[in-house]
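Welcome! Here is a short tour of one protein chain, from a few backbone details to the whole fold. Keep the picture open as you read.

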Amino acid sequence: MLIGKSIFLTIRVKIFFFNQWLKSIRYYLNLKFLFFDFLFSFIYFFLNPYRVSRKFLEKKFNKKIYDYGETPITQMEKLIKYFKIPSKGTFLELGAGRGKLSFWLCFFLKYRVIAIERIPIFVKIANFFIKIFKTKNMKFLCKDMLKYDLKDIDIIYLYGTTLSSDKIKILINKFKKLKPFVKIITISYTLDKYDNYFVCKKSFDISFPWGKTKAYLNIKRGM
Ligand SMILES: C[S@@+](CC[C@H](N)C(=O)[O-])C[C@H]1O[C@@H](n2cnc3c(N)ncnc32)[C@H](O)[C@@H]1O
């Protein structure tokens with residue numbers, strides 16, 4: 001029963017990402033991205049990120065935790081357009097996973113990208129790619145996002161649907177210290193649910209392999 005469910009889920013994720021990949025085929029006209037994604041996918045063909053994350057969490061918390069997921073780049077492109085996110089500035093991805101989204105943001109949208117991730121192997125591989133593709137505008141750091149000192153950030157992306165309320169509140173206190181016009185995109189919850197220092201400006205239906213939810217654009221109240 002459990003094996004059947006797991007096979008079904010794997011197939012569902014694969015079909016979803018294949019569909020998303022078809023929709024994103026135009027990105028591959030960019031040769032740098034084509035080459036990047038070919039090598040990146042090759043490495044991760046042998047290193048399933050969902051499994052890497054599960055093993056990492058199993059070791060840390062001594063139980064099975066399924067925390068990993070990825071935002072399809074086509075969905076991120078729609079989000080950026082719909083939320084009218086400025087095309088310049090420093091983009092912080094909190095909990096960047098293996099970092100495909102951060103690379104895409106850096107290659108196509110020319111942001112200065114800071115990616116924070118706690119799983120060392122994801123960070124090591126990302127830094128290998130930063131080196132070989134000479135991606136000067138990107139930093140990929142192995143850090144706990146709850147302890148990371150936020151400074152000079154314009155846009156934040158937080159796909160942390162499994163974060164506890166306490167952890168979200170810690171992050172909110174950090175966000176409060178940022179520039180007045182900072183834009184924070186969250187998935188499945190608004191920040192004003194936890195603290196009315198922030199207000200939700202817009203929402204957008206977003207698809208993940210596990211189903212649909214909402215992405216929210218949060219800004220400081222009164223801005
Ligand atoms: C749902 S995945 C999102 C990956 C990526 N942002 C995306 O949208 O494709 C969440 C990631 O956050 C990382 N993460 C969770 N808690 C973290 C923490 N306290 N510090 C750093 N990374 C964390 C997990 O390891 C995981 O890779």
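Let's start at a small spot: just after helix α4, K84 takes a positive phi of about 50°. Keep in mind that this is a predicted model. Most residues other than glycine have a negative phi, and two further lysines will come up below.

**Positive phi in the loops**

- K110 has a phi near 60°, a positive value in a residue other than glycine.
- You can find K110 in the loop that runs between α5 and β2 (112-117).
- Is K110 buried, exposed or partly exposed? K110 counts as partly exposed because it has 13 C-beta neighbours inside 10 Å, and a residue needs 20 or more to be buried and 12 or fewer to be exposed.
- K134 also has a positive phi, near 45°, and is not a glycine.
- The loop that holds K134 lies between α6 (120-132) and β3 (138-142).
- With 7 C-beta neighbours inside 10 Å, K134 counts as exposed.

**One side of helix α4**

- Which residues of helix α4 (residues 73-82) are buried? They are I73, Q75, M76, L79 and I80.
- These buried residues cover an arc of only 150° around the axis, so they sit on the same side of α4.
- An α-helix has 3.6 residues a turn, so residues three or four places apart point the same way.
- The cover over the buried residues of α4 includes α5, β5 (183-187), β6 (198-208) and β7 (211-220).

**The nonpolar core**

- In soluble globular proteins, nonpolar side chains tend to be buried together.
- The largest nonpolar core here has 45 residues, and V113, I156 and I185 touch the most other members.
- Which helix gives the most to this core? Helix α5 (residues 100-109) does, with five residues.
- Leaving out residues up to four places away in sequence, V113 touches F91, E93, S102, L105, C106, N137 and M138.

**Around the ligand**

- There are 20 residues around the ligand, and E70, T71, G95, G97 and R118 come nearest.
- What kinds of residue make up this shell? It divides into eight nonpolar, six polar and six charged residues.

**A link between distant parts of the sequence**

- I15 belongs to helix α1 (residues 2-23).
- I15 is exposed because just 11 other C-beta atoms lie within 10 Å, and the cut-off for exposed is 12 or fewer.
- I15 and P209 are 194 residues apart along the chain, yet their C-alpha atoms are separated by 8.6 Å.
- Across the chain, 61% of the contacts with a separation of 6 or more are between residues 24 or more positions apart.

**The whole chain**

- How many helices and strands does the chain have? It has seven helices and seven strands.
- Read from the N terminus on, the order of elements is α-α-α-α-β-α-β-α-β-β-α-β-β-β.
- The radius of gyration is 17 Å, close to the 17 Å that the globule rule gives for 223 residues, so the chain is as compact as a globular protein of that length.
- Taken along the principal axes, the C-alpha atoms fill a box of roughly 50 × 45 × 30 Å.
- Of the 223 residues in the chain, 28% are buried.

Notes:
Residues numbered from 1 in each chain as written. Predicted model: local features only at pLDDT ≥ 70, side-chain atom pairs only at ≥ 80, totals over all residues. Core = buried A, V, L, I, M, F, W, Y, C linked by C-beta atoms within 7 Å. Helix = DSSP H or I, 4+ residues; strand = E, 2+ residues; numbered from the N terminus. Contact = placed C-beta atoms within 7 Å. Rg over C-alpha atoms; globule rule 2.2 N^0.38 Å. Near = placed C-beta within 6 Å. Nonpolar A, V, L, I, M, F, W, Y, C, P; charged D, E, K, R; others polar. Arc of directions from axis to C-beta.
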